[in-house]
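Me: I would like to learn how to read the features of a structural model one at a time, with the general idea first and then the case at hand. Could you take me through the one shown here?

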Amino acid sequence: MTTLLDKLEKAPADPLLGVMAAARADTRPDKIDLGVGIYKNSEGETPVMAAVKEAERILIEEETTKAYEGPHGNPLYCDQVGKMILGELTDRHTVFATPGGSGGLSIGMQLAKVASPGARLFVSQPNWPNHVGIGKAVGYDIHTFDWVSSSDGTPDMERVKAGLADARAGDVVLLQGPCHNPTGTDFSPAQWSEISSFLGGKGVLPFIDVAYQGFGVGLEEDIAPIRDFLAALPEAIVTYSCSKNFGLYRERTGALVLQAPSADALDAARGQAAGIIRTSYSMPPAHGPAVVATILSRPALREKWLAELDEMRGRLNFIRENFASALVRETNSDSFARIAHEKGMFATLPFKKGGVEAIREAHAIYMPGSGRVNIAGLSEDRIDEIARKMAPQLNPGS
């Protein structure tokens, strides 16, 4: 008897998950995993933030129900996260709690597809693979624009605009907020203003994915140019992740923010989004949003969280600067100096063909084939060693 599931073809293996599995299986004591995209401290651990622990203790004592919270989720969370992104919420804005940033991306892309069925989705190249994966699952025709770092750690704007030249009214253009994954290459404030004018003239729908607020320059500094970008445009979709800046990876805590041109348009968008949510996951998770709402709404706890976030960002910047210096020294090429000016958890290195596999075999250094390096995965005392081992397999200047 042939069953339906017998007819399914095997799905291609996720390359990043394969790297993670290979790293776990490697028994060499000096192995290092630079592939997994999570923050690690100097001991190579991803601890629970002290502010999160305290918020959870408060919730254990004060939480009175586990009832559904509705499709929007925790109202206090939506208000606090919405203000952290936008500064203030108006009658043109609404916020939904979502199962992580990926949940927000899925709902937001589905909503945009309902609004513009023939829309194409433009994403940066290189990009976070799930942007393309979710876009394809929703049914978008995917187009890419080059995301190449200049020497100052910002993208080459002429190449960005050239890649978006074909975008037309009704299309969706997905941009990343601070700390671009996988390159660490971010728009400067002036470039955010420039791209706002460029896209506004085309009538496309801007879609901003904010996954690393606070990991670049600072909590407010990271979001300020995006607020200005949004203020200059009538409509936009924003998704948000609390995985990195609150360390809530397994709690799947995210948000979807809709900015509409009017209150009436927002009411229609809100209803459509709620309908998509109902048939996707019905109701959002509650625990992670409750933790974030508790932290953001209590001044003393918020200050504790901000201090921890500052420490995490300081460590990333220290490693980034020293890693850039070590690569410049080991390769005798200034082309790697840009890494010091880039931001966040990631950098993408130009390896020779087969170079990633070669250093994996010879030195137990693990990363995906794209050359994306998780800066947080580098321990301070091994920066020079890792740069020395990578150098023979790198292509300076490419």
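Reply: Let us begin with burial along a helix. An α-helix has 3.6 residues a turn, so residues three or four places apart point the same way. In this predicted model, Leu266, Ala273, Ile276 and Ile277 of helix α9 are buried, where buried means under 20% relative accessible area, exposed over 50% and partly exposed in between, with a 1.4 Å probe and protein chains only. They cover an arc of only 100° around the axis, which puts them on the same side of α9; the arc is that of the directions from the helix axis to the C-beta atoms. Helices (H or I, at least four residues) and strands (E, at least two) are DSSP runs, numbered from the N terminus.

Me: Which exposed residues does the face of α9 turned away from its buried side carry, and what covers the buried residues?

Reply: The face turned away carries Asp264, Arg278 and Thr279, which are exposed. The cover over the buried residues of α9 includes β2, α4 (100–115) and β8, with contact meaning heavy atoms within 4.5 Å. Helix α9 (residues 263–280) lies across β2 and β8 and runs at about 10° to β2; here axes are lines fitted to C-alpha atoms, for helices over the stretch in contact, and angles run from 0 to 180 degrees between N-to-C directions.

Me: What span is expected for α9, and what does it reach?

Reply: The expected span of a helix is 1.5 Å times one less than its number of residues. With 18 residues, α9 reaches 25 Å from its first C-alpha to its last, close to the 26 Å expected at 1.5 Å a residue.

Me: What are the numbering and the thresholds behind such statements?

Reply: Residues are numbered from 1 along each chain as its sequence is written. Because the model is predicted, local features need pLDDT of at least 70 and side-chain atom pairs count only at pLDDT 80 or more, while totals for chains, interfaces and linings use all residues, and side-chain values use heavy atoms, with hydrogens and water left out.

Me: In what order do the strands of the sheet lie?

Reply: Two strands pair if DSSP finds at least two bridges between them. Here 7 strands form an open sheet with mixed pairing, in the order β2-β8-β7-β6-β5-β3-β4. The edge strands, each pairing on one side only, are β2 (93–99) and β4 (141–146), and neighbouring strands of the sheet are turned by 25° against each other on average, direction ignored.

Me: How many bridges link β8 with β2 and with β7?

Reply: β2 and β8 pair in the antiparallel sense over 7 bridges, and Ala97 stands opposite Ala255 in β8. Strands β7 (residues 236–241) and β8 (residues 253–259) also pair in the antiparallel sense, over 6 bridges, with Leu258 in β8 as the bridge partner of Ile237. As for burial, 6 of the 7 residues of β2 are buried, so β2 is largely enclosed by the rest of the structure.

Me: Where should I look for unusual backbone geometry?

Reply: Most residues other than glycine have a negative phi, and most peptide bonds are trans. In this model, the peptide bond from Gln125 to Pro126 is cis, with omega near 5°, and Pro126 is placed in the loop between β3 (120–125) and α5 (129–138). The bond from Asn181 to Pro182 is also cis, with omega near 25°, and Pro182 is in the loop between β5 (172–176) and α7 (189–200).

Me: What are the phi values of Ser282 and Asn332?

Reply: Ser282, which follows α9, has a phi near 70°, a positive value in a residue other than glycine. At 22% relative accessibility, Ser282 counts as partly exposed, and it is found in the loop between α9 and α10 (287–297). Asn332 has a positive phi of about 55° although it is not a glycine; Asn332 lies in the loop between α11 (299–331) and α12 (338–341) and is exposed, with a relative accessible area of 73%.

Me: Which residues does Gln80 touch?

Reply: Not counting residues up to four places away in sequence, Gln80 touches Leu296, Ser297 and Arg302. Gln80 is found in helix α3 (residues 75–86) and counts as buried, at 18% relative accessibility.
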